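Biologist: Before we discuss any labels, could you show me the structure, so that I can ask what each term rests on?

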Amino acid sequence: MAQPSPIHAHALEDIRYIRDTMSRAGTGPFTAIPGWGGVLMGLTALAAAAFGGPPDSSVRWTGIWFGEAFVAVVIALAGMTIKSRRAGAALWTSSTGAPAFRFALGFVPPLIAGIVLTPVFAMLDATARLPGCWLLLYGTAAATGGAYSVRVVPLMGLSFMALGTAAFAAPAEWGHMFLAAGFGGLHIVFGFIIARNYGG
Amino acid sequence: MARTGAARKSEVRSLKSEVRSQKSPLELDRLIHERLRLGIVSALAVNERLSFNDLKDLLQTTDGNLSVHARKLEEADYILCDKGFEGRVPRTEYRLTAAGRRALEKYLAHMEAIIKATKG
């Protein structure tokens, strides 16, 4: 049987050592959540809120927010990739892959619920109430996905949920302001906290 | 088909030879290659900053050893050292510079290339 060459074994050992050191020095079980990406997502959400204006039943308004959601997903994925690469590309698949998968397991189902509920709200002529629905479900996603992450992630989720609940109670025409406060303001604030304290 | 296999074998052989001749770990960034210095840079890559004592505990080393290796990294501009006081107690903190992060990324990329090239 062929033995691994010394150089190969040495490289493996080095990678293992780096991974182990980072894991012991790391600040949480899942730190690949991109802080600066969150800030950028917040800024694009503020632009979408300003551009879209108060919620109405037009395809234009819903389209602007679906476009914003798409942009946010691209930023989030790019941010996670860049952040995990900075922490060591070789580590992503093995050591942090499982937590990332666990995060997605909790994060994605509430988002799917949001995608399903959006046309239902539209058919019931309740498009103006979508901001509360989106904020509440996005908050649920962050709270459940981040349950095993650094404490700030579920805290962000709970803040989104509180804002979504408030949006349901407030006049419907304030919806875009709640979206700006949530997807804009909360993303910027929590993104900044994550960036400052959890490696970017 | 056989031709493709032979071509692949030749490619792998050439890559292995390149790795052995030009990119052995010892010919990489010697500064990062040393175990304790690699540990310092790795720990700082996932933390905004770490104190001298945090690093000492994490890397299970002595004051003298950590000082010497941290100074080498400082001299290479891979890390920055901030000295201050916490109350009346002196506190030394280290941060990774952009150059240090690039060096770690490059080192990791080389390690991955070695593993990939010597696997086949």
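Modeller: Here it is, and please keep in mind that this is a predicted model. From the N terminus on, chain B runs α-α-α-β-α-α-β-β-α, which gives six helices and three strands.

Biologist: What makes Q60(B) count as exposed?

Modeller: A residue is called exposed if 12 or fewer other C-beta atoms lie within 10 Å of its own. Q60(B) has 8 such neighbours, and therefore it counts as exposed. Its place is the loop between α4 (52-59) and α5 (63-75) of chain B.

Biologist: And how do you know that D77(B) is exposed?

Modeller: The cut-off of 12 or fewer applies again, and D77(B) has 12 other C-beta atoms within 10 Å, so it is exposed. D77(B) is found in the loop between α5 and β2 (79-86) of chain B.

Biologist: What is the phi of each of these two loop residues?

Modeller: Phi is positive, about 45°, in Q60(B), which is not a glycine, and D77(B), likewise a residue other than glycine, has a positive phi near 65°. As a general rule, most residues other than glycine have a negative phi.

Biologist: Why is helix α3 (residues 35-45) of chain B called largely enclosed?

Modeller: For a residue to be buried, 20 or more other C-beta atoms must lie within 10 Å of its own. Nine of the eleven residues of α3(B) are buried, so the helix is largely enclosed by the rest of the structure. Among those buried residues are L38(B), I40(B), V41(B) and L44(B). In chain B as a whole, buried residues make up 29% of the 120 residues.

Biologist: What makes β1(B) and β3(B) a pair of strands?

Modeller: Two strands pair if at least two bridges are found between them. Strand β3 (residues 89-96) and β1(B) have two bridges and run in the antiparallel sense, and thus they pair; L50(B), for instance, has Y94(B) in β3(B) as its bridge partner.

Biologist: How do you know that β2(B) pairs with β3(B) as well?

Modeller: The requirement is again at least two bridges, and eight join β2(B) to β3(B), which run antiparallel. One of the bridge partnerships links D82(B) with E93(B). These two strands form a hairpin with two residues between them, and G87(B) in the turn has a positive phi of about 70°.

Biologist: Why are β1 (50-51) and β2 of chain B said to stand at the edges?

Modeller: The open sheet has three strands in the order β1-β3-β2, with antiparallel pairing. β1(B) and β2(B) each have a single partner strand, so one side of each is left without a neighbour in the sheet. Helix α3(B) packs on this sheet, touching β1, β2 and β3 of chain B, and its direction makes about 85° with that of β3(B).

Biologist: Which residues touch the most other members of the largest nonpolar core?

Modeller: They are L135(A), Y138(A), A142(A) and F160(A), in a core of 37 residues. The largest share of this core, nine residues, comes from α6(A).

Biologist: What makes F160(A) and L186(A) a contact?

Modeller: A contact requires C-beta atoms that lie within 7 Å. L186(A) is in contact with F160(A), and so are L135(A), Y138(A), G139(A), A142(A) and G182(A), leaving aside neighbours within four places in sequence. Apart from that core lies another, of 31 residues, including I15(A), V41(B), L44(B) and L66(B).

Definitions and conventions:
Residues numbered from 1 in each chain as written. Chains lettered and ligands numbered in written order. Predicted model: local features only at pLDDT ≥ 70, side-chain atom pairs only at ≥ 80, totals over all residues. Helix = DSSP H or I, 4+ residues; strand = E, 2+ residues; numbered from the N terminus. Contact = placed C-beta atoms within 7 Å. Axes fitted to C-alpha atoms, helices over the stretch in contact; angles between N-to-C directions. Core = buried A, V, L, I, M, F, W, Y, C linked by C-beta atoms within 7 Å.
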